[in-house]
Amino acid sequence: FRSKNYNNIGGLVSKFVCYSSDLLVDLQHACIQIERARNLTLPMARRRDPPASKEEVESWFDKDGRLVREAKMRQTLFEVGVDSTCRRRIWKFLFGIYPPHSTYLEQRTHDLEHRARYKALRERWEVLDRVMEPQEPEGMSKLLAFYLELSDDEACDMHTNQLHVQLKKNSKVDEGGASQACCDVRRGSIGGLLDDEDALTVLAILEPSCRVFANKEKFDIDSGYPKAKRIILRDVHRTDRNNHYFSHKRNLRKVYRILLVYALFHPDVGYAQGMNDILVQFLLVTHSEVDSYWMFSKHMEEKRKDFMEATMLKKIDYVKSLLEEVDSSMFQFFKASECQDFLFCHRWLLLDFKRELQLEDSIRLLEILCSHYLELNSDKAKAETDKALNMYFVNDQGGSRAGGVSVNLNFTFGIFVCVSILLLHKEKICSASDAASIYGTLNGLAMQLDLNAVLDTAEGLFYKYCTMCVDKSCYVELNC
């Protein structure tokens, strides 16, 4: 009898040990989740170093002007930014106007080519725009007249216009010689920097090919353009009118021309409300119609997707998913308040928070987001996940190590910024009684945000998310 009972007890014990090991794994995972929630404290906004000086910026280039420390440039843009006097030059590299390894001479040639190309595009736009029969609704004719009253010094860029006037008076360049000289300039075989006389020669060389370039550009003057023109007329007239720069008519006309030229020659994109907000940041940094057009065009190669409904709804879903992971209670609050669509994020993501921040802060955040320094496929993310994996390896005395860490690469740094804004103002948001109050609270944050606090919180969340992904991966590994 004792022997029989003893055997039964032995079986029960073995089953208990098996079950308890599973429970231990679950308990271990639960402890990790509790500890992670406990550690999700929002960091205090730290005191940041001043922007990189001219001397530091110069250290990123070699003696011929090549950007040889691009990684350092992106890190600095993310962490502290650059002196405002250096921003125009740095943004030409950041937004792909200059190739990283271009020399001073090649950069100057790129500038001249962009001037000539934009001039050719503008001239073709002016012809095509006149061809279209104006059918402006009542009240729009005065606005249209305002933007068509161009003074002589507004033709494209004052310096460019003067150069072309001189070209027509003083320069005679045959097509064969022009073609060869252009090749020499592109190869960098002309020594030293270009002076005004050289610039005149290069512009004369480029003018025929740029005219061909403009004539080959696709356009749609009949369907989307007339509507885009009407919207641009309205939007430009109310663009940042409190800013001194846009109190001058000539600068509003730059916005008008750039947007119309872009809409005409990018018929698959056209114009959508909000593009004017994106463009003005380039104008405020460069003060150049030519540079702003090309930077805006380059930026829109990636940004254009955000103006598609499906893409934007996906981005909003990523904000929801990340908030649910890092603060499920706040996510549930939005859900219970019938505010689970998160459409308040639409403007944040579409305009890169331009209307939520003071002007200088919005420009600063734009270069941070475009630096792509802190993304989940970056070296910083890999270093953080490796550090967390090593901690698991040490704590488990070398017994286990997850084979790979799965992260959602759709969680860009901009998504972390969105969630950070919500967490920083959680108490105020969660005190709202309904969806309308929540939207009112969030709209009231515009121009009141502390950028440093938002950035520090977003960075902290980024590293916390990396650790969370390691937690999940190791838990799955243990259960397997």
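Select helix α3 (residues 70-79) together with α17 (359-371) in this predicted model. The two helices pack with their axes 8 Å apart, at an angle of about 140°. Angles over 145 degrees would count as roughly antiparallel and 65 to 115 as roughly perpendicular, and α3 and α17 are therefore oblique to each other. Viewed along the contact, the crossing of α3 past α17 is left-handed.

Next, display the side chains where these helices touch. On α3, the residues to select are Arg74, Leu77, Phe78 and Glu79; their partners on α17 are Arg364, Glu367, Ile368, Cys370 and Ser371. By class, this contact comprises 4 nonpolar, 1 polar and 4 charged residues.

Keep α17 on display and add helix α4, residues 84-94. Here the axes come within 11 Å and cross at roughly 30°. The crossing of α4 with α17 is left-handed. From α4, select Arg87, Trp91 and Leu94, which meet Glu360, Ile363, Leu366, Glu367, Cys370 and Ser371 of α17. The composition of this second contact is 5 nonpolar, 1 polar and 3 charged residues. Glu367, Cys370 and Ser371 of α17 deserve a label in both views, since they meet α3 and also meet α4.

From α17, move to the largest pocket, whose volume is about 750 Å³. Its lining consists of 29 residues, and those to centre the view on are Glu302, Lys315, Leu369, His372 and Thr412, the closest to the pocket centre. To see which helices contribute, colour α13 (289-303), α14 (309-326), α17 (359-371) and α19 (413-424); each supplies at least two lining residues. Colouring the lining by class gives 12 nonpolar, 8 polar and 9 charged residues. Helix α17 thus links the stops of this tour: it contributes to the pocket lining, packs with α3 and crosses α4.

Two loop positions complete the route, both for their backbone geometry. Select Asp240 in the loop between α10 (224-237) and α11 (249-265). The phi angle of Asp240 is near 40°, a positive value in a residue other than glycine. Then proceed to Met447, which lies in the loop joining α21 (435-443) and α22 (451-479). Met447 is likewise a residue other than glycine with a positive phi, here near 70°.

Conventions: Residues are numbered from 1 along each chain as its sequence is written. This is a predicted model: local features need pLDDT of at least 70, side-chain atom pairs count only at pLDDT 80 or more; totals for chains, interfaces and linings use all residues. Side-chain values use heavy atoms; hydrogens and water are left out. On a 1 Å grid over the protein atoms alone, a cavity is a set of points where a 1.4 Å probe fits but cannot get out, and a pocket is an open set with protein on both sides within 12 Å along at least five of seven lines; lining residues have an atom within 4 Å of a point. Grid points are joined across faces, edges and corners, and a volume is the space filled by probe spheres set on the points. Helices (H or I, at least four residues) and strands (E, at least two) are DSSP runs, numbered from the N terminus. Ala, Val, Leu, Ile, Met, Phe, Trp, Tyr, Cys and Pro count as nonpolar, Asp, Glu, Lys and Arg as charged, and the others, Gly among them, as polar. Axes are lines fitted to C-alpha atoms, for helices over the stretch in contact, and angles run from 0 to 180 degrees between N-to-C directions. Angles under 35 degrees count as roughly parallel, over 145 as roughly antiparallel, 65 to 115 as roughly perpendicular and the rest as oblique. A crossing is left-handed if the near helix is turned anticlockwise from the far one by less than a right angle, and right-handed if clockwise. Contact means heavy atoms within 4.5 Å.
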